[in-house]
Each structure stands twice: as structure tokens, then as C-alpha cells.
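Visitor: I would like a short tour of one protein model. Can we look at its helix packing?

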Amino acid sequence: MSISQTSILPRILLSPPHISGREQVYMEEAIHSGWIAPIGPQVDAFEREMAAYTGSKGALALSSGTAAIHLALRLAGVTQGDYVICSTLTFVASANPILYLGATPVFVDSEPETWNMCPLAFQRACQALNDKGLLPKAAVVVNLYGQSADMAPIVEIANRYGITLIEDAAESLGAFYQGKASGTWGQFGIYSFNGNKIITTSGGGMLVSDDTEALDQARFWSTQARDTAPHYQHSEMGYNYRLSNLLAAIGRGQLELLEERVERRRSIGRRYRERLGSIPGLHFMPEARNCRSTHWLSALTIDEEVAGFSSQQLLSCLEQHNIEARPVWKPLHLQPLFESSYYYPYSEEYSVSDKLFSTGVCLPSGSSLSDEDLERVVYAIETCNQYR
Ligand SMILES: *Cc1c(COP(=O)(O)O)cnc(C)c1O
């Protein structure tokens, strides 16, 4: 196969939606019942099923994962002028809700073992902010690409400083850490059902917690904070954040196949490791002990001096083969939006997230990726190596 032959093959996407068939059954149920509204029986059922799957006492279905983070931060009491810790290596949606509340994010670096928040850097950030009299009310800890952060020490540190922990599990639904669902280690956990996530409602999110009173409060805020009165009366500021009954129907069909989706993404991850692991200079994202990662995205870093090509060169090789791949997230402390923020790196000399950003690539990982398409990706990477 030459590049000119391969470039006309259909495009391979990074993580497209994967429809199962059951979505339609629940959608028809919703349509026949007349519940074409935000809230309804499909929403109630989806919340119950998500709570059961994750082992949480309660769940609140919302219009996005970002909305769920926003409500969790408000539940944590975050207001104007507060500081909130956030993982730096993540999508901007983890931190934007901090700004919605007029608070200031403080970014913490990753560790090499999980690529997620480094417990030691977290501890340093808490102590340093405490010393300045700026102790944060909350921390948003992200579980990247389907893998849990090392939650046990993070929970311990957060408890010690009295910080409310919010787990951004948008990318890690289906992952388990020490046998407990990713997203259930903090006081609040959030999931996303955006189109690229492991299961999708086209757009949507979920807030989970064992604190059902807090969830009732968030439910109230999410429907415009209507007081109990026949007329429309409001004493608090609310939002229009509920999930539509139709989209919850899609979510239920998707959730039934979550375990299969995890298995497929994990097998894609294994296959990439088997096929590419021997290429010098390529290093896959490590799978941490005590964690079942979903391998939502299979990610690797490239040691340019050993491999003979850079991550940018690999991305353009893949593009020439009509394959969608992406660099690892640009860390938030490097974003123009957060230019003047505090940042606590892994160590004084070394920022892990900067290194992962400059050397990392995410490969096509969707559960609908066929074995043939996976071989196309492998071939593109092998030949990138060969013709450098
Ligand atoms: C997708 C994602 C979100 C946001 O979820 P939406 O449902 O798109 O609002 C938040 N955090 C991370 C890490 C994500 O990947």
C-alpha cells in the first residue's frame, strides 16, 4: 500500500459514537408515552441505573458533564474569590465551571505512573495555599483517558485539609479503582455522555453522590430553582440543566452495553501494545496497579531521539493515511485563558504534563473500530518509522 492508495480509504475517527440498537426501543417508549420533555420516566430510570452501576446512593441526569461540575462546585460552597484546585492535564471543561462561579483555579501536575494528578504535588499545593491563607474549598480531580487517578492518597489529603473532592470521571465511566467505581471516590463524581465518550446520549451528563440531600439541592437548581408554589416563585438563582427524557432513553440503551464497550476498548489497547510495543521510542500510557482502566483512548508518548520521529510527525503520517489522531491535552496552566494561574508541577525541575503534551499522541480507540481498521493504524505508524 502506498500513501496515495491509503489516503482514499474511509476516514478512521478517534472515538465516534457507537449505537447498539436498544436506544430505539427506549426512544419509542418515550415518544409513545408523550414524555418529550426535560425530565420524565426515562430520566428517572437512567438515574437509577447509573446509581446502581456506579454503586452511588443517587444520581442526577444533566444536560452535560460541564453542568455537573458546575453544580458540584456550587454544592461544595465555592463562591466568588475562592480558590479551587484542578488537574492541569485535562480538557478545559474541568476548569471552566470554576470561572463560572467567580473562583480562581490552581493547577496541579500529573505523575508519570497514571498521567493523573500527582498526590505529592497535590499535598504541596494544599500546604502552600494554606500557608498563604488561601485554602481551597474544593478540588477537581480528573481521570484521564479511562484511567483512575491514584485516589486513595488524594482522598486522604483532601480530608486532612477539609477540601471537597469532585471527581471528573467524564472519561472514565466503567473504570474501577481498588474495586470501586471511578467517579465515586470523592463527595461528588461527574460523568459525560458527549458524542465522543464511552457511552453517549449525543450530549448529556450525570452527577453522582452518596449525599442524596445535596443531589436534591442540585436537582432544584438544575430546574430554574422553582420554590414550592403554584405560581412561579424563586428565591435562589437556578439553571436550565436537566437532561431531556428522549436523550435519557438513548443513554439507557447505551448503558446496557457499557461492559462490552469497555472490553472492546481494552482489547484495542492490548492490540496496539502487542503490535507497536516493540518499536523503539514508543511508550504506552502505563496502566496503574489496582485500576481497571477502560482505555477510553489509547495514548502513547514518543521519544524522538530513539524513534527518529516526533509526535507531530506521527500525527501528520496518520493524517496522510486519513486517520484521526490527537495530541495529548494541552495542559491548562499553558492555556492563554489561565496564563496567570498558580501551578504546582511534579517537581521544581520537571513538569510531567508539559512533557506528555509535547510527546503524546492519542490513537483511534472507538469501540466500533474494526480489526482491519486497527491494522491500518498500525501500518501507518510502522511506515512512519520506516520512511523517516
Ligand atoms: C468531555 C469532558 C468533560 C465535559 O463533558 P461535557 O459533557 O462535554 O460537558 C469534562 N471533563 C473531561 C475530562 C472531559 O473529557
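Guide: The questions below cover a helix pair, one helix face and one loop residue.
This is a predicted model, in which local features need pLDDT of at least 70, side-chain atom pairs count only at pLDDT 80 or more, and totals for chains, interfaces and linings use all residues. Residues are numbered from 1 along each chain as its sequence is written, and side-chain values use heavy atoms, leaving out hydrogens and water.

Visitor: How do the axes of H4 and H8 cross?
Guide: Helices here are DSSP runs (H or I, at least four residues), and strands are E runs of at least two, numbered from the N terminus. Axes are lines fitted to C-alpha atoms, for helices over the stretch in contact, with angles from 0 to 180 degrees between N-to-C directions. The axes of H4 (residues 65-75) and H8 (residues 212-222) come within 10 Å, and they cross at roughly 120°.

Visitor: Which residues of H4 make the contact with H8?
Guide: Contact means heavy atoms within 4.5 Å. H8 supplies Ala 214, Gln 217, Ala 218, Trp 221 and Ser 222. H4 supplies Leu 71, Arg 74 and Leu 75.

Visitor: Why are the buried residues of H8 placed on the same side?
Guide: Buried means under 20% relative accessible area (1.4 Å probe, protein chains only). In H8 these are Ala 214, Leu 215, Ala 218, Trp 221 and Ser 222. The arc is taken from the directions from the helix axis to the C-beta atoms. They share a side of H8 because they cover an arc of only 115° around the axis.

Visitor: Is Ser 15 buried or exposed?
Guide: Ser 15 lies in the loop between H1 (3-6) and H2 (22-33). Its relative accessibility is 8%, so Ser 15 counts as buried.

Conventions:
Buried means under 20% relative accessible area, exposed over 50%, partly exposed in between (1.4 Å probe, protein chains only).
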